[in-house]
2 protein chains.
Amino acid sequence: MKRTEIAELYSKKAELGGKTVTVCGWVRTIRDSKALGFIELNDGSCFKGVQIVFESDKIPNFTEVAKLNVGSAVVVTGELLLTPEAKQPFEIHAAQVEVEGQSTPDYPLQKKRHSLEYLRTIAHLRPRTNTFSAAFRIRSAAAYAIHKFFNENDFVYVHTPLITGSDCEGAGEMFSVTTLDADNPPRTESGAVDYSQDFFQKHTSLTVSGQLEAECMAMAFGKVYTFGPTFRAEKSYTQRHAAEFWMIEPEIAFADLQDNMKLAEAMIKFVIRYVMETCPDDIAFFNQFVDKGLVDRLQNVIDSDFARVTYTEAIEILKKNNDQFEYKVDWGTDLQTEHEKYLTEKVYGKPVFVTDYPKEIKAFYMRMNDDGKTVAAVDLLVPGIGEIIGGSQREERMDVLLQRMKDFHLEEENYWWYLDLRRYGGTKHAGYGLGFERLVMYLTGIANIRDVLPFPRTTGTAEF
Amino acid sequence: MKRTEIAELYSKKAELGGKTVTVCGWVRTIRDSKALGFIELNDGSCFKGVQIVFESDKIPNFTEVAKLNVGSAVVVTGELLLTPEAKQPFEIHAAQVEVEGQSTPDYPLQKKRHSLEYLRTIAHLRPRTNTFSAAFRIRSAAAYAIHKFFNENDFVYVHTPLITGSDCEGAGEMFSVTTLDADNPPRTESGAVDYSQDFFQKHTSLTVSGQLEAECMAMAFGKVYTFGPTFRAEKSYTQRHAAEFWMIEPEIAFADLQDNMKLAEAMIKFVIRYVMETCPDDIAFFNQFVDKGLVDRLQNVIDSDFARVTYTEAIEILKKNNDQFEYKVDWGTDLQTEHEKYLTEKVYGKPVFVTDYPKEIKAFYMRMNDDGKTVAAVDLLVPGIGEIIGGSQREERMDVLLQRMKDFHLEEENYWWYLDLRRYGGTKHAGYGLGFERLVMYLTGIANIRDVLPFPRTTGTAEF
């Protein structure tokens, strides 16, 4: 038996029409009259399924097949009959239907529509629905597009560690990682938990960012990126935050904030274009059933020259419209999602880079501008979602960096290796972070991060 | 300034010869006489560097440049002069040398050779050496090759969770993940640590495998793979074990052990071929300085039809040579590295799949063979290293699986979702796991796993 995937039936239908093919998949719907039945079969290779026609005088196990429950797995061999006048371009007339795996009448995914909340409780089965099949195919395509983009641009992919001995950038609450007995940990003479007896001989946590390690690699390879899991232990019940998520963090040497923005713009456009070309049916589904403006919005991003505005200019624009905001802005305040969306949707109608934020609201490693008040930070805001990328030029000047670390009450000795990068051939450099789930949400119109992660980990939830 | 990377100088030298170019990089070596100096400049874009010639009558800051320490970062603009008669195909005659970042005389990477042990203590700088520059470029290329292979074969890339609520396959010791106060955790009335107050409202750990979740996805998409970090909390000081490493786990539906082996063979050959084509200089370096047989061994893998032998046959072969082994084999014993290497190096002289192991020494989810004694497991052994891949056909029959879980003392209710896959349209399926670091060791000849991970986490060590 040579299996043909349903995606291939569509891409090679001219060639395969009239031929005998074997398809393997799961029954989405099934109906029959006395001597004739129809199965809508899906195999996950593409959004679309294929209709199987089975007849009592063609297959010996007609009764068995006709009784199949939704969700059953079957192997069907038959002629691919082109049907140019019908809605579907072809169907398969079964010469043989082998029941590979039964299902039952209590299969949770019956034809009726299920709520996303319910489907989260059966995360092991929900990829068999249209919505999640499409979402995870797009997630996969987007991940590949990220790798392809950076590979074509000669970046080195680096795996930065997840278990870390230090809370490097103070970007958020961290999970502890330990092999100590929680019930009765070893203690030092003074009674403190004795982490010298822990697996790594010190207290360790799950990382919140691979940036500092990526900077080490950029100082050797020039252009690097990470793409790996990241963690936040903040208790959060929003639609936008997960405790475990994937992040992309490019870092480029001999580069400033302008180069950083050029890279981010090129990457975003590349990924959107790739996904639209690779997953047109999946995108069309989301455009029709989840987010009517999706295709227009994505196309607009591809076609736009992203706008650029400084934080200070942005605040001037926003202040004039403070009456429209729940949180009023003034110079020095951080931008909320309402402000970000106003800027990118109402003011510019396209993606916009906001640069040069007040130093007080950004991280210690961002490069101080000459005004002494702002740092060379950049956020990319996109219509429909707000911030999707955050980055900066990094402070390469040792004296300025040391002063910033003092301001942030960071211990110099914990960052000896990070400071070494400035001691030995430091260069201008810059980078950014892209939350991968936020990108997938943007590509699909899905509103809840729990629905773009195969098995989401959020506050209070680590099922499956 | 338009920067040209050194890799591009090599790939476009015919076109760039005689032109003015700007290169940015780090000084590997520098020497000068009165009015003339030479810099070996490397920018990490490829293994090779470029020689910079600078002269006192051409650049105004000759004295400054001549005094530069190794490791300094410079931006050089000058003419690319082709030197077809010299060892290097070209050099750059500097018209301008901008010092981007100073180094110091105590820069740890002076020209002398350093031990790998010492370089591990400066993991933030070691990517600037030949060995680690080549190793991490190969690591990056191999990672891309993995994605490219599965993408070209229409697999869906899935991100399985790292934080897990269950020790699913008992594959090893696990790290606990927690936000509880280690010094004074909340307690239940009975005095036990109260995990209901932990972040996920239960005890959680770092995963040892994404396989069970990947099986869920394979039952929707047909062909999926994971590529992500995995953890083992076993105390181990060997050269082959890290506490945090990356693993690739494909899972295919409507597929048996034969399909699994076909996939593994195709993948291994694809990745080796890709890396040899993409990183010839890096491979040549390892072949010359680290492992003289490297290229021959890799080429042999590409050119071979992998052998296939059952465990039972392999034991017969090995038993005849038991006098050569530290651990004597008999039917029922697990194979040690010495046996694996004997089989693949001495008996076959090429990669060999060993299949159908005794059920007692393999995991509960592996499919029971008709003999009732062995399971449809497969290990791929390769010359020079032994086992590189372990996989199996999965048990799809509910009754057999339940019995196996009983034998392994696994609680049914912890696997309700895994069992659902057999309740609802289960199919024959199979998959395997490939330790990515072991693959990179194989591709480079590097003997210690600490030297193929950018910032290794091993027993007692989580620096940087």
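This is a short tour of the interface between chain A and chain B in a predicted model.

Start by colouring the two chains separately and selecting the residues of each that touch the other. The selection should hold 111 residues of chain A, in contact with 112 residues of chain B. Together the two chains bury about 8800 Å², and 61% of that area lies on carbon and sulfur atoms. Next, pick out A:H159, A:F254 and A:Y424. On the chain A side, these residues lose the most area to chain B, together 10% of what that side buries.

Now show side chains and turn to the polar groups. There are 34 residue pairs in polar contact between chain A and chain B, counting pairs with both residues at pLDDT 80 or more. Then select helix α5 of chain A, residues 130–152. This helix supplies eleven residues, the largest share of the side of chain A that touches chain B. Colour that side by residue class: 53 of its residues are nonpolar, 34 are polar and 24 are charged.

For the charged pairs, look across the interface, where eight salt bridges are found. One of them is worth zooming in on: select A:E5 and B:K223. Their closest N and O atoms are 2.7 Å apart.

Finish with the backbone. Select residues 176–178 in both chains, which is strand β8 in chain A and strand β8 in chain B. How do these two strands pair? They run in the antiparallel sense, joined over three bridges. Within this pairing, centre the view on A:V177, whose bridge partner in β8 of chain B is B:V177.

Key: Residues numbered from 1 in each chain as written. Chains lettered and ligands numbered in written order. Predicted model: local features only at pLDDT ≥ 70, side-chain atom pairs only at ≥ 80, totals over all residues. Heavy atoms only, no water. Contact = heavy atoms within 4.5 Å. Buried area = accessible area lost by both parts, 1.4 Å probe. Salt bridge = Lys/Arg side-chain N within 4 Å of Asp/Glu carboxyl O. Polar contact = N/O pair within 3.5 Å; in protein donor to acceptor, adjacent residues only side chain to side chain. Helix = DSSP H or I, 4+ residues; strand = E, 2+ residues; numbered from the N terminus. Nonpolar A, V, L, I, M, F, W, Y, C, P; charged D, E, K, R; others polar. Pairing = 2+ DSSP bridges.
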